[in-house]
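Work through the exercises below with the sequence and the model at hand. Each task is followed by a solution in steps.

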Amino acid sequence: MLVLGIESTCDETACAIVCNGHEILSNIVTSQIDLHNEFGGVVPELACRRHVDVIILVIDEALKRANVNLCDIDLIAAARGPGLIGAVLLGLNAAKTLSLILDKPFVGVNHVEAHLYGAWMSSQKEISLPCIGVILSGGHTALVLIEKIGSYQLISQTVDDAIGEAFDKVAQILGLPYPGGPEIEKIALQGNHLRFAFKSGTVKSNPLAFSFSGLKTAVLYQVKGQSPGKSIPSLLESDKSDIAASFQHAAFQDILLKTKLASEKYGCRTILFGGGVTNNQTLRTLFAQALPDYHLFWPSKGLSLDNAAMIAGLGYHQYLLKGQGDSLDLEAMPNLNF
Ligand code: KG4
Ligand code: ZN
């Protein structure tokens, strides 16, 4: 079954062709980093306009690279949320239009759920269930119990910033370009992670929940001192690297600890990771070293950051599980959750 997937929830316009939920024939992603860089974050109105400009080109390119024609496609899948409403609507309506023209079924997919499926489709090995899912993206940070594809229990999530958001904000404080995650990772490699004793937050009502806003504020105060009105001073490169390394260390130790607690609580030694922050090699090494007897599943290259292959892949399973496509009345859901 050939599935055409579309992703447009934030600042990537993407289209992929995936066979039977696993075999990626093409995976085209156009990023808008150049457009948003000068603003230090995504500007929703600009993001939507750029999606309009490139969506047809991206679909054409995905078909061309996969060497298939539109009439070969069996199912159209698109992310229906969570995300920026205008951006989601663009991709969703493109998918519905294709479905109508081609007279082929359409499914709307949860973008965050698809991030977890990214690790699933990257694996050649059987994944034993239930397992723990760890979502580490720019908009979401959560632990879920995965019973099977399409069946999840939310264990905990962040009560404030998402981990990727914290990386982006700390990068901004340090004067690094957007998106900040890869920049922080890069300079942290030269830094001393023990120099600053930063700590991630704890949540009284749920020890497995995350909180990163206090950590981000601690970095801000470290950089500019305690006085609230003071502007951010310029820093030595070595200080920046030490702050980045100490921040990253505090954030990742917290994620490791809570993931371990969740896996002990639910008796699962299999963990699936999803979201852009899983691109971070320091994170992957930390988990591999700390949990040598666990089965860790990471998204492969091209499936960590936002992409449409994960949407097409999960869309395939959703269609099989339901035995039919979704109605073309299916709405975009900017706040869609598990
Ligand atoms: O999953 P994603 O592509 O988009 C959302 O669904 O949010 O994640 C984007 C986030 C950004 O915050 C970006 O800074 C972060 O992932 N990110 C990283 C790295 N690469 C991307 N964070 C830490 N280390 C990285 N190497
Ligand atoms: Zn994402």
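**Exercise 1.** State where Asn20 lies and whether Asn20 is buried, partly exposed or exposed.

*Solution.* Step 1: in this predicted model, Asn20 belongs to the loop between strand 2 (12-19) and strand 3 (23-31). Step 2: the backbone angle phi of Asn20 is positive, about 50°, although Asn20 is not a glycine. Step 3: the relative accessibility of Asn20 is 38%. Partly exposed covers the range between under 20% and over 50%, so Asn20 counts as partly exposed.

**Exercise 2.** Carry out the analysis for Asn67, giving its loop, its phi and its exposure class.

*Solution.* Step 1: the loop that holds Asn67 runs between helix 2 (44-66) and strand 4. Step 2: phi of Asn67 is near 60°, a positive value in a residue other than glycine. Step 3: because its relative accessibility is 70%, Asn67 counts as exposed.

**Exercise 3.** Locate the cis peptide bond that joins Gly81 to Pro82 and the one that joins Leu129 to Pro130.

*Solution.* Step 1: omega of the bond from Gly81 to Pro82 is near -10°, and Pro82 is placed in the loop between strand 4 (75-81) and helix 3. Step 2: for the bond between Leu129 and Pro130, omega is about -5°. Pro130 is found in the loop between helix 4 and strand 6.

**Exercise 4.** Decide whether Ser99 is buried or exposed, and name the partner of its side chain.

*Solution.* Step 1: Ser99 is part of helix 3 (residues 85-102). Step 2: the relative accessible area of Ser99 is 7%, so Ser99 is buried. Step 3: a polar side-chain atom of Ser99 lies 2.7 Å from the backbone oxygen of Lys104.

**Exercise 5.** Describe the surroundings of ligand 1.

*Solution.* Step 1: ligand 1 sits in the largest pocket. Step 2: 20 residues surround ligand 1, and the closest are His115, Gly138, Asp168, Glu185 and Gly276. By class, this shell has five nonpolar, 12 polar and three charged residues. Step 3: helix 6 gives the most to the shell, with four residues. Step 4: an oxygen atom of ligand 1 is 3.1 Å from a polar backbone atom of Gly139, while a nitrogen atom of ligand 1 is 3.0 Å from a polar side-chain atom of Asn280. A backbone N or O atom of Asp306 is 3.1 Å from an oxygen atom of ligand 1. Step 5: ligand 1 taken alone exposes 550 Å², of which the protein buries 90%.

Conventions. Residues are numbered from 1 along each chain as its sequence is written. Chains are lettered from A and ligands numbered from 1 in the order in which they are written. This is a predicted model: local features need pLDDT of at least 70, side-chain atom pairs count only at pLDDT 80 or more; totals for chains, interfaces and linings use all residues. Side-chain values use heavy atoms; hydrogens and water are left out. A residue is near a molecule or strand if one of its heavy atoms lies within 4 Å of it. A polar contact is a pair of N or O atoms within 3.5 Å; within protein, one must be able to donate a hydrogen and the other to accept it, and residues adjacent in sequence count only if both atoms are side-chain atoms. Accessible areas come from the Shrake-Rupley method with a 1.4 Å probe; for residues, only the protein chains shown count as cover. On a 1 Å grid over the protein atoms alone, a cavity is a set of points where a 1.4 Å probe fits but cannot get out, and a pocket is an open set with protein on both sides within 12 Å along at least five of seven lines; lining residues have an atom within 4 Å of a point. A molecule sits in a cavity or pocket if more than half of its atoms lie within 2 Å of its grid points. Helices (H or I, at least four residues) and strands (E, at least two) are DSSP runs, numbered from the N terminus. Ala, Val, Leu, Ile, Met, Phe, Trp, Tyr, Cys and Pro count as nonpolar, Asp, Glu, Lys and Arg as charged, and the others, Gly among them, as polar. Buried means under 20% relative accessible area, exposed over 50%, partly exposed in between (1.4 Å probe, protein chains only).
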